[in-house]
Amino acid sequence: MNDFNNKTHLYGRFWVITALFGFIMIPVAISAYLNAFPSATVVLKGLAPIALLFYPTAVIEVITYTPLLGSGATYVSFITGNITNLKLPCVLSSLDSAKVRANSDEGEILSTIAACTSSIVTTLIVAAGVLIFSPILPYITGEDSPLAPAFSQVVPALFGALGMSYFAKNFKLSVVPIAAICLVLMFKGDLSVGILIPVGIVVSMLSAHIMFKKGFIK
């Protein structure tokens, strides 16, 4: 596993840096081709409101998701994206099906395979969807479509089904964090997932520790 982990970090860092370089070079290449480089003032003015929200969220997501995904799956997930919607549910489902822990050697390998498989399948499905459904997609996803409400509930349905299995197996542990999240949303209903997940994790850990000390769980 030492050789596996060393190569995971080596290739993972290489592709993260390569992807970051590619993302940055796309707008640079467009600006160079059009000979239209925006001033620093314009860039900072447009970046500031976005950075204030997404930069802290990005740091929080790395800290939050890495223990759940493992090293290999973390590199793959943060390069290919859709962590909350696809990668994390796939990894958690595979670990749960195999009855292994995320921080074990088996869990590290399995989570990497799950994240890679999710990325490949997602790419193939998106490509097929673009080719096959692009002519009719506006009609079934438009606001006036009878199927529009279903498309807006895909992510809640996915996480509801995935979360319910964990809630049923750990009912006592789930009550406090669910109540805390609901209470937060009552006062601030537009909080992003990147903030709600860390809040739920902290509350879960504290409540589980207290219940264990009090003898409510073993």
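A disulfide is a pair of cysteine sulfur atoms within 2.5 Å. In this predicted model, the count by that rule comes to zero disulfides. Cys90 shows why: its sulfur is 12 Å from the closest cysteine sulfur, in Cys116, which is too far for a bond. Seen from the other side, Cys116 is likewise in no disulfide, the nearest cysteine sulfur, that of Cys90, being 12 Å away. As for solvent, Cys90 counts as partly exposed because its relative accessibility is 33%. Cys116 also counts as partly exposed, at 30% relative accessibility.

With the cysteines settled, the overall architecture can be introduced. The secondary structure of the protein comes to 10 helices and zero strands, so that, read from the N terminus on, the elements run α-α-α-α-α-α-α-α-α-α. Along the principal axes, the C-alpha atoms fill a box of roughly 70 × 55 × 40 Å. Of the 218 residues, 22% count as buried. Among contacts with a separation of 6 or more, 58% are accounted for by residues 24 or more positions apart.

The interior is best approached through the largest nonpolar core. This core has 10 residues in all: Tyr65, Leu69, Ala73, Val76, Ile83, Leu88, Val91, Leu95, Ala114 and Ala115. Helix H2 (40-69), helix H3 (71-80), H4 and H5 are the elements that give two or more residues to this core. H4 gives the most, with four residues. One of the core members, Leu69, offers a closer view of the surroundings. Leaving aside neighbours within four places in sequence, Leu69 is in contact with Thr74, Ser77, Ile83, Lys87, Leu88, Val91 and Ser111. Of these partners, Ile83, Leu88 and Val91 are themselves listed in the core, while Ser111 is one of the buried residues of H5.

H5 deserves a paragraph of its own. The 29 residues of this helix should span 42 Å at 1.5 Å a residue, and the end C-alpha atoms are 41 Å apart, which agrees. Buried positions in H5 are Gly107, Glu108, Ser111, Thr112, Ala114, Ala115, Ser118, Ser119 and Thr122. Ala114 and Ala115 also belong to the largest nonpolar core. Ser119 can be placed relative to another part of the chain: Asn82 and Ser119 are 37 residues apart in sequence, yet 9.1 Å apart in space, C-alpha to C-alpha. Asn82 itself lies in the loop between H3 and H4, and with a relative accessible area of 41% it is partly exposed.

The approach to H5 also holds some detail. Ser104 is found in the loop between helix H4 (83-98) and helix H5 (105-133). What does the side chain of Ser104 reach at 2.7 Å? The partner is the backbone oxygen of Arg101. A polar atom of the same Ser104 side chain lies 3.0 Å from the backbone nitrogen of Gly107, and Gly107 is among the buried residues of H5. Lys99 shares the loop between H4 and H5. The phi of Lys99 is near 60°, a positive value in a residue other than glycine. Lys99 is exposed, with a relative accessible area of 65%.

A second positive phi is found at Asn35, where the angle is near 55°, again in a residue other than glycine. Asn35 is located in the loop between helix H1 (2-34) and H2. At 66% relative accessibility, Asn35 counts as exposed.

A serine in H10 gives a further example of side-chain to backbone contact. Ser207 is found in helix H10 (residues 193-214), and its relative accessible area of 8% makes it buried. The side chain of Ser207 reaches the backbone oxygen of Val203 at 2.9 Å and that of Ser204 at 3.0 Å. Leaving aside neighbours within four places in sequence, Ser207 is in contact with Val176 and Pro177.

Finally, the aromatic side chains can be considered. A pair of aromatic rings is described by the distance of the centres and the angle of the planes. The count comes to one aromatic pair. Phe14 and Trp15 form this pair, which is edge-to-face, with 5.1 Å centre to centre and 80° between the planes. Phe14 counts as partly exposed, at 47% relative accessibility.

Conventions
Residues numbered from 1 in each chain as written. Heavy atoms only, no water. Phe/Tyr/Trp six-rings, centres within 6.5 Å; stacked < 30°, edge-to-face > 60°. Buried < 20%, exposed > 50% of the residue type's maximum accessible area, 1.4 Å probe, protein only. Polar contact = N/O pair within 3.5 Å; in protein donor to acceptor, adjacent residues only side chain to side chain. Expected span 1.5 Å × (residues − 1). Core = buried A, V, L, I, M, F, W, Y, C linked by side-chain atoms within 4.5 Å. Contact = heavy atoms within 4.5 Å.
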